Amino acid sequence: MRLAFLTLIVILLATASVAQEEFLKESWRAHTSTGVHYIKVMDIEGHGLQKVYTASFGDQSSSIFIYNHQGIQLDSIKIPTPLDTKYPTGKERVRAVELCDLDDDGDLDIISSTQIQGAQINTHILYRLEQKVEYGKEGVYVRMEWFHDTFGYVNHISLTETPQGPVITASSLKGNVIFLDESGALKKSIDTKSASAWHTSVIDSDDPQNDFVSAISGGVCRYKSGGIAWCGGRDARYVKALAQDLDGAGDVEVFALSDGTAELFTGDGELVWAKELSGVTDACMADLKRAGAKNIIIAQSTNLLAYNFMGELKWSYDVGERINAVESADVDGDGNTEIIVGTSRNLMVLSLNQNYAIREAADLNLESAKKLSEQRRYADALNKSGAAETLYRQLGDSEKQEEAQQVTVKSRELLQAIRTLAEAVLECDSGQYEGCTSKAGLSLEVFEKYGIEDFARNASKIIETAGKRVEADSLYRIATDQYVNGEYAQSLENIEQAITLYTEIELSLGQRRSQSLKTLILERFEELGITTTTTTIRVTTTTIPFTQNIREQAEFYGILLLALAMIGFGAYTRLRKR
């Protein structure tokens, strides 16, 4: 019993491992003893190869680590603090950093916020350093470019490239968002409702200070032209605000992360969805599938959670360590986006498992095929189900392949049945009633097989109509011959039946020509003095009494009958051609 239980546990664990590997796989990891709190991927040198830059913040020292796209560490740099004569002593702690090449000279620039504490001092400085680095060589030096000590505790720094030059955005816990140019000159400082600003994302990259969102203590706000456009959220400390086009529709969405909530807003501030999530630390947006729509990747404890625009959890992934930072970028230059995760011990790069991408594409094609089939768009359904079959075959999933194949067979048979029914209609119109009935019958079998009732009724109607048309045309031909042969009583009876059938199938041409023949017959009866009862579609006599008067006019009637025969034969010939 115990062995069976342990076996079951092993199977469940193996299954869980397979499920985890379905959507993400680890491309590489690099161990770090100081942890990772900041991640940025860029190519400063312009060599076409991305590098991963990380930063760790600690009480004793803070460092920058640089890795190539394969995870090999190239260098590490201690983040220096500009302790000049104004701050000769004190304990330093880096609070925020932005790594970039501010002046485009190919050298790493460090924009940092550092807290300096001592017996008589407690101040925060924001400064820019230009870090000269030669990988693998000694003699690294730092040049101070500028610093400020009046902005207070800056928790987040970002850089935006604008047509007028780079703009630095700093979120201060003093309750303002600060915008600086490349030289460190203050461009604008905007009050954030006197609430601490923890994180800021620029919306208008051409004019950052005129359109941005900030995560503040007590909510998330969008600022336009120096004023508040809207604020949302709850009374909590919001730590992240992201503004991007999430669903690919061309409009900006705003995602906000607080101590216990993840929320998505429209660009106008309308709440789209909210999730109660505890233990969240960071978030980013990523289009892993290059589908034009992004997922929100949220770091919660040791897990990554991916939500789409509708708030649906698409997948989760446990990295096994508490996550400090998460970012998305194309690290290896293959055109696919990777997820970069920083923990207290490791830097990891995770990529979309291609089998997961294939399965997701297969599932999407199969679901689309089913919906298209329900909408009777069988040609489109056939394309989608065929694509799903191919992908499932590639995955070796015979069960799902068979499911897709069933949709393919159904779509193909129904599509062919519709085409066959259309051919049946054309053949009926051209007088090929045997082929028309046969093809309509084949279509009827398929429609009945799949329960397409209205199409089945149409096919049955065509079969019924074709049968009545054949019968009506036959009666018309017989009536015409009988009229020519002087069998007026039988001719009238048959033409009445033909008219009834033509009326039932709503064939106006047949009605008109049959009515014309009937008129000729009735006129002939009137000339011969014969009484008819048209309501019973029977004539009162079956034998025409030829009187002496008629016999005396035989020559006249012979000529008349010959003319009528020629008219009837001409009409019959034209109908046969149709």
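**A walk through the predicted chain**

With a relative accessibility of 10%, D211 counts as buried, because buried here means under 20% relative accessible area. D211 is found in strand β15, which covers residues 211–216, and the model in which it is placed is a predicted one. Leaving aside neighbours within four places in sequence, D211 is in contact with V202, I203 and D204, and also with R222, Y223 and K224. One of these contacts, Y223, also belongs to an aromatic cluster, which Y223 forms together with F179 and F212.

Before going further along the chain, it helps to have the overall picture. The chain contains ten helices and 30 strands, and of its 578 residues 46% count as buried. Among contacts between residues at least 6 apart in sequence, 46% join residues at least 24 apart. The chain exposes about 28,600 Å², of which carbon and sulfur atoms supply 50%.

Strand β19, residues 253–258, is a useful place to look at burial within a sheet, since six of its six residues are buried. In a regular strand the side chains alternate between the two faces of the sheet. In β19 both faces are covered, with E253, F255 and L257 buried on one side and V254, A256 and S258 buried on the other. This strand has partners that can be followed in turn: β18, residues 238–244, runs antiparallel to β19 and is joined to it by six bridges, with L242 standing opposite F255. Strand β20, residues 261–266, also pairs with β19 in the antiparallel sense, over five bridges, and here L257 stands opposite A262. The connection from β19 to β20 is a hairpin that passes through two residues.

Strand β20 leads on to the aromatic side chains, for which a search of the whole structure finds nine pairs. In one of them the ring centres of W230 and F265 lie 5.5 Å apart and the planes meet at 40°, so the pair is tilted. This pair links distant parts of the chain, as W230 lies in strand β17 (residues 227–232) and F265 in strand β20, 35 residues apart. Both W230 and F265 are buried. A further pair, formed by Y483 and Y488, is edge-to-face, with 5.5 Å from centre to centre and 65° between the planes; Y483 and Y488 are likewise buried.

Further along the chain comes an open sheet of four strands in the order β22-β23-β24-β25, with antiparallel pairing. Its edge strands, each pairing on one side only, are β22 (280–286) and β25 (313–318). On average, neighbouring strands of this sheet are turned by 20° against each other, direction ignored. Strands β22 and β23, the latter spanning residues 295–300, pair in the antiparallel sense over six bridges, and A283 stands opposite I298 in this pairing.

In soluble globular proteins, nonpolar side chains tend to be buried together. The largest nonpolar core of this structure has 20 residues, among which I297, L304, W315, I339 and L350 touch the most other members. At least two residues of this core come from each of β22, β23, β24 (303–307), β25, β26 (323–329), β27 (338–343) and β28 (346–352). The largest share, three residues, is supplied by β28. Not counting neighbours within four places in sequence, L350 is in contact with L24, K25, E26, S27, L304, Y317, V319, E338, I339 and V341. A second, separate core has 19 residues, including M42, I44, A55 and Y127.

The last stop is helix α6, residues 453–484, where Q482 has its place. Which residues does Q482 touch, not counting those up to four places away in sequence? They are E487, Y488, Q490, S491 and N494, and Y488 among them is the partner of Y483 in the edge-to-face pair. With a relative accessibility of 12%, Q482 counts as buried. K461 is also placed in helix α6, but K461 is partly exposed, its relative accessible area being 45%. The C-alpha atoms of K461 and I505 are separated by 9.3 Å, although these residues are 44 apart along the chain.

Conventions:
Residues are numbered from 1 along each chain as its sequence is written. This is a predicted model: local features need pLDDT of at least 70, side-chain atom pairs count only at pLDDT 80 or more; totals for chains, interfaces and linings use all residues. Side-chain values use heavy atoms; hydrogens and water are left out. Two strands pair if DSSP finds at least two bridges between them. Axes are lines fitted to C-alpha atoms, for helices over the stretch in contact, and angles run from 0 to 180 degrees between N-to-C directions. A nonpolar core is a set of buried Ala, Val, Leu, Ile, Met, Phe, Trp, Tyr and Cys residues joined through side-chain atoms within 4.5 Å. Buried means under 20% relative accessible area, exposed over 50%, partly exposed in between (1.4 Å probe, protein chains only). Contact means heavy atoms within 4.5 Å. Accessible areas come from the Shrake-Rupley method with a 1.4 Å probe; for residues, only the protein chains shown count as cover. Rings of Phe, Tyr and Trp (its six-membered ring) pair if their centres lie within 6.5 Å; planes under 30 degrees apart count as stacked, over 60 as edge-to-face and the rest as tilted.
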